[in-house]
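Subject: Structure handover

Hello,

Please find the structure below, with the sequence. My notes on what was found in it follow.

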Amino acid sequence: MTSRSSTPGLARFNTLEQQAAVAALHEACASAEWGRRLLAGRPYATVDDLLAASDAAMAELTAEDLAEAMAGHPPIGRPTPGDATSAREQRGMAGASDALKAEMLERNLAYQEKFGHVFLICATGRTGEQMRDAVAERLGNTPEEEREIVRVELGKINRIRLTRLVEED
């Protein structure tokens, strides 16, 4: 059985009681609209079907829906205490030097001031230096460009989180 076929975790997700499914999806993405769209598609035959539904839902989110999704993400380099998911995803900053952490904080604040929301990037597998360089590069974007980059990055994060959700036993 490959990770793209049906899994016991996918079967479990498909049969979760509505409130439990809403909670599970909210852990993956804080956008209520994204969650509603994924719930409406249950049951999913394969993990690929679920991921395709996630991508389609992400493409349709409004600016307000994206803001709601972003509000569920802590700043890079400062995962919420007790949030194992964010800590795991931001592992590249965990061992960063104090100087790099300070630089990231400064750039995070500049980004928030310019765009009005946290800097969002799919941090999984990225080093602290790569995240620092990405925020520096993205500070030059227009709000419209940045909104679409955020949409793509959120989509990547959602895919990782959904895959983890349906591959757990």
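A residue counts as buried when its relative accessible area is under 20%, as exposed when that area is over 50%, and as partly exposed in between, using a 1.4 Å probe and protein chains only. By that rule Gly128 is buried, because its relative accessibility is 1%.

Before the rest, some ground rules. This is a predicted model, in which local features need pLDDT of at least 70 and side-chain atom pairs count only at pLDDT 80 or more, while totals for chains, interfaces and linings use all residues. Residues are numbered from 1 along each chain as its sequence is written, and side-chain values use heavy atoms, with hydrogens and water left out.

Confidence

pLDDT is the predictor's confidence in each residue, on a scale from 0 to 100. The protein chain has a mean pLDDT of 90, with 95% of its residues at 70 or more. Helices here are DSSP runs of H or I with at least four residues, strands are runs of E with at least two, and both are numbered from the N terminus. Among the elements of the chain, helix α3 (residues 32-40) has the highest mean pLDDT, 98, and helix α6 (residues 84-89) the lowest, 75.

Helix α3 and the loop after it

Which residues of α3 are buried? They are Glu33, Trp34, Gly35, Leu38 and Leu39. The cover over them includes α2, α4 (47-60), α5 (63-70) and α10. Contact, here and below, means heavy atoms within 4.5 Å. The loop between α3 and α4 holds Pro43. Arg42 and Pro43 are joined by a cis peptide bond, with omega at about 0°.

Helix α10

Helix α10 covers residues 143-167, and Arg151 lies in it. Arg151 counts as buried because its relative accessibility is 12%. Its side chain has polar contacts (pairs of N or O atoms within 3.5 Å; within protein, one must be able to donate a hydrogen and the other to accept it, and residues adjacent in sequence count only if both atoms are side-chain atoms). A polar atom of the Arg151 side chain lies 2.7 Å from the backbone oxygen of Met58, and the side chain also reaches the backbone oxygen of Leu61 at 2.9 Å. Setting aside neighbours within four places in sequence, Arg151 is in contact with Met58, Ala59, Glu60, Leu61 and Leu66.

Ile157 is also found in α10, and at 5% relative accessibility Ile157 is buried. Apart from neighbours within four places in sequence, the contacts of Ile157 are His73, Glu89, Leu120, Ile121 and Cys122. Gly95 is 62 residues away from Ile157 in sequence and 21 Å away in space, C-alpha to C-alpha.

How do α2 and α10 pack? Helix α2 (residues 18-28) and α10 meet at an angle of about 140°, and their axes are 9 Å apart. Axes are lines fitted to C-alpha atoms, for helices over the stretch in contact, and angles run from 0 to 180 degrees between N-to-C directions. Angles under 35 degrees count as roughly parallel, over 145 as roughly antiparallel, 65 to 115 as roughly perpendicular, and the rest as oblique. The two helices, α2 and α10, are therefore oblique to each other. At this packing, Ala24, Leu25, Glu27 and Ala28 in α2 meet Asn158, Arg161, Leu162 and Leu165 in α10.

Helices α8 and α9

Helix α8 runs over residues 98-115 and includes Ala110. Ala110 is partly exposed, at 34% relative accessibility. Between Ala110 and Arg42 there are 41 Å, C-alpha to C-alpha, and the two are 68 residues apart in sequence. Asn108 lies in α8 as well, but is buried, with a relative accessible area of 2%. Not counting residues up to four places away in sequence, Asn108 touches Pro75, Ile76 and Phe119.

Gly128, the buried glycine from the start, is found in helix α9 (residues 128-138). Leaving aside neighbours within four places, Gly128 is in contact with Gly92, Met93 and Leu100. The C-alpha atoms of Gly128 and Arg91 are 8.4 Å apart, with their positions 37 residues apart along the chain.

Cysteines

How many disulfides are there? With a disulfide taken as a pair of cysteine sulfur atoms within 2.5 Å, the count is zero. The closest cysteine sulfur to that of Cys29 is in Cys122, 13 Å away, which is too far for a bond. Both cysteines are buried: Cys29 at 2% relative accessibility and Cys122 at 8%.

Regards
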